[in-house]
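User: I should like to understand how the terms used for a protein model are justified. May I put some questions to you about this one?

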Amino acid sequence: MSTTTDQLAGISATTLLRFATAGSVDDGKSTLVGRLLHDSKSVLTDQLEAVEHASRSRGQETPDLALLTDGLRAEREQGITIDVAYRYFATARRRFILADTPGHVQYTRNMVTGASTAELAVVLVDARNGVVEQTRRHAAVAALLRVPHVVLAVNKMDLVDYAEPVFAAIAEEFTAYAASLGVPEITAIPISALAGDNVVEPSANMDWYGGPTVLEHLETVPVSHDLTGCHARLPVQYVIRPQTAEHPDYRGYAGQIAAGTFRVGEQVTVLPAGRTSKIAGIDLLGESVDIAWTPQSVTLLLEDDIDISRGDLIVPSGDTPATTQDVEATVCHVADQPLTVGQRVLLKHTTRTVKAIVKEIPSRLTLDDLSQHPNPGQLVANDIGLVKVRTAEPLALDSYADSRRTGSFLLIDPADGTTLAAGMAGDSFATDAATVHVADDEGWDF
Amino acid sequence: MRAVAALNEGTDSPYALSHLDALESEAVHIFREVAGEFERPVILFSGGKDSIVMLHLALKAFAPAAIPFSLLHVDTGHNFPEVLEYRDRAVAQHSLRLHVASVQEYIDAGKLRERPDGTRNPLQTVPLTEAIQQHRFDAVFGGGRRDEEKARAKERVFSLRDEFSQWDPRRQRPELWQLYNGRHAPGEHVRVFPLSNWTELDVWQYIEREKIELPEIYFAHEREVFARNGMWLTAGEWGGPKESESVETRLIRYRTVGDMSCTGAVDSDATTLDAVIAEIAASRLTERGATRADDKMSEAAMEDRKREGYF
């Protein structure tokens, strides 16, 4: 059996990039995803055969690459994508987890789901239509979810004669809009997913474009950020107490570091109670280490035997978040049943789930033009709005702008367990953060 | 040396985790979430590589304490002896509690009927779901990966099942950030897939890195096999070969381990982990496409079985 470098893709790659795609129904998102998978040699013979077989049985002469990704009966029957799917592919340089999110207007919640864990979002635009409402919606969701990198893929360049001015105008309009929402990094790439221009291979039709292809950009975009400036946070998931002859006194606080770094010897505070101690040791899955950082799953050992349980938050003593029972946040409503003022809910923040009540829904946001509609009374599926929630117990909640992990939460229906809303504490868009800063002490409980 | 900052390609940060470290950390997080939120979790353990990796991750997640879960094996009655032996050894070594749901017992009691094709894989669903109800398990870990199959690509890490263990892809909860919602009503349970984001290659590279022992059938060895539906099946008391099928001795190995009646072997001379990894990286067939007869039954075979409660 002969092997090529392409076929061995991924065997040496060591970093992982999670990214999401967003595009309207006919912008060619499935074709782009299909081409990324196909041209990176991630579609294997039996998968391709299955697609060819299914395409033939539907009377299609050429294989429909969308069948690679539409995995459910209902999706194949209707020819649409109804839910987020996760895809995996690799090149020699990097491995990728792609959250393939449907583009229908009614599935804003799916883009929120995909974007919540993404470090990069690809927003697709049809070169013939330019920036449309749906594009603004996708940019706004990426900005709201604070996805660090956004790629604007101007697709179907083949249908506008590969004309630079068409691309330049769309790129300029989108960049200005996304930048005004606080998207930190925007890369615009002219492509034709159907013809393969600038997706994996550089285009011979667009000499005027000197930037990277989509894949090249995905391979080289930085995946980690400088953690030295981050607030260190460890939500306690589980207390490990072997109580065996070998480890009679072991008491470890297990969790995944949500942000920043922890060091042995560091003075820490446990919230919400506010007790302090010092880190006596860090176990990194059986290995003793001096320093650990996000997103490592670790076990912390403390010098003092203090009362700590699941739901507590361990932070450096010099860098404690305020605790509060009054949460102000932007939420995306993801359930079919509405969220109403006065409703009793559960709020899950990190490892802590508390009772809560929706006190106020000050406004509903229209993503198309970012206008605010005051006091809508309720939020329904796919709505984005500001809410004020009162919790039964204090939460150590960071601003989502500071930490996607400790600034996010779920609202859950206590009756049937449905996830109602995805919440982001603090200001909605990065641009607001500069002008609005609330600095009162009322939220402090100690 | 893993805790020491290492520069990885594509990043200027000394704090970047390798992809294996990132996947391991995520899986451990999932195990600990379940331990923190559920009353009676159980790990589905078949003795295959994915469940062996799950067990390894669970051991690391709770070390130096014991794993706070028991194991459940759905025994088709058509197991590879090497795999059963591995299972029992692992249980003894880590002082685990093993529950066995036996397809053969269901057949003997007349509660299940043998299929004409002799395949027992689809027959596992009833013993599995009844075992879950009987033991009142509220979280059931499975080794399923989203890269295996396109219906699985839609599966959540925490997947709510009703009292009949059914999966409804239209009623899945959105999975936001790392905030897994495990709320369920009495009688319902949650299937949990800590290896959701792993690929077959990740699993093998992790096995190599962690020096995890596997049943020998994963490595090339000579075995009596016969051809059926384009696959090499092991000859045995389970019902193969038929008269028209002839047995030959070949150098083969298994990419997946399941019921003998539907798990095919691949021609291979890979006797080491390095050789296996090189072989998988170069393979033009998916794991299931190469070795699973039951997935070839129809375009939506996996989706249909999952809806019924299969893992």
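Analyst: Certainly; please note that this is a predicted model. A suitable place to begin is F158(B), which, leaving aside its neighbours within four places in sequence, is in contact with residues including I30(B), E33(B), V34(B), Y180(B) and V192(B).

User: What makes E33(B) count as buried?

Analyst: Buried means under 20% relative accessible area. E33(B) has a relative accessible area of 2%, so it is buried.

User: Why is the pairing of E33(B) and R310(A) called a salt bridge?

Analyst: The cut-off is a side-chain nitrogen of Lys or Arg within 4 Å of a carboxyl oxygen of Asp or Glu. The side chains of E33(B) and R310(A) meet at 3.1 Å, N to O, so the pair satisfies that rule. The pair also crosses between chains, from helix α1 of chain B to the loop between β15 and β16 of chain A.

User: How do you know whether R109(A) and D336(A) are buried or exposed?

Analyst: Buried requires under 20% relative accessible area, and exposed requires over 50%. R109(A), at 15%, therefore counts as buried, whereas D336(A), at 61%, counts as exposed. Their side chains meet in a salt bridge of 3.3 Å, N to O. R109(A) lies in helix α5 of chain A and D336(A) in the loop between β17 and β18 of that chain, so the pair ties together parts that are 227 residues apart in sequence.

User: What makes D147(B) partly exposed?

Analyst: Partly exposed covers the range between the two cut-offs, 20% and 50%. D147(B) has 24% relative accessibility, so it counts as partly exposed. Its salt-bridge partner is R145(B), at 2.9 Å, N to O, and R145(B) is buried, with a relative accessible area of 2%.

User: Why is strand β9 of chain A described as largely enclosed by the rest of the structure?

Analyst: The description follows because 5 of the 5 residues of β9(A), residues 252-256, are buried. Both faces are covered: G252(A), A254(A) and Q256(A) lie on one side, and Y253(A) and G255(A) on the other.

User: How do you know that β9(A) pairs with strands β8 and β15 of chain A?

Analyst: Pairing requires at least two bridges between two strands. β8(A) and β9(A) are joined by 3 bridges and run antiparallel; β9(A) and β15(A) pair in the antiparallel sense over 4 bridges. Both counts therefore meet the requirement. Within these pairings, I240(A) stands opposite G252(A), and G255(A) stands opposite V298(A).

Conventions: Residues numbered from 1 in each chain as written. Chains lettered and ligands numbered in written order. Predicted model: local features only at pLDDT ≥ 70, side-chain atom pairs only at ≥ 80, totals over all residues. Heavy atoms only, no water. Contact = heavy atoms within 4.5 Å. Buried < 20%, exposed > 50% of the residue type's maximum accessible area, 1.4 Å probe, protein only. Helix = DSSP H or I, 4+ residues; strand = E, 2+ residues; numbered from the N terminus.
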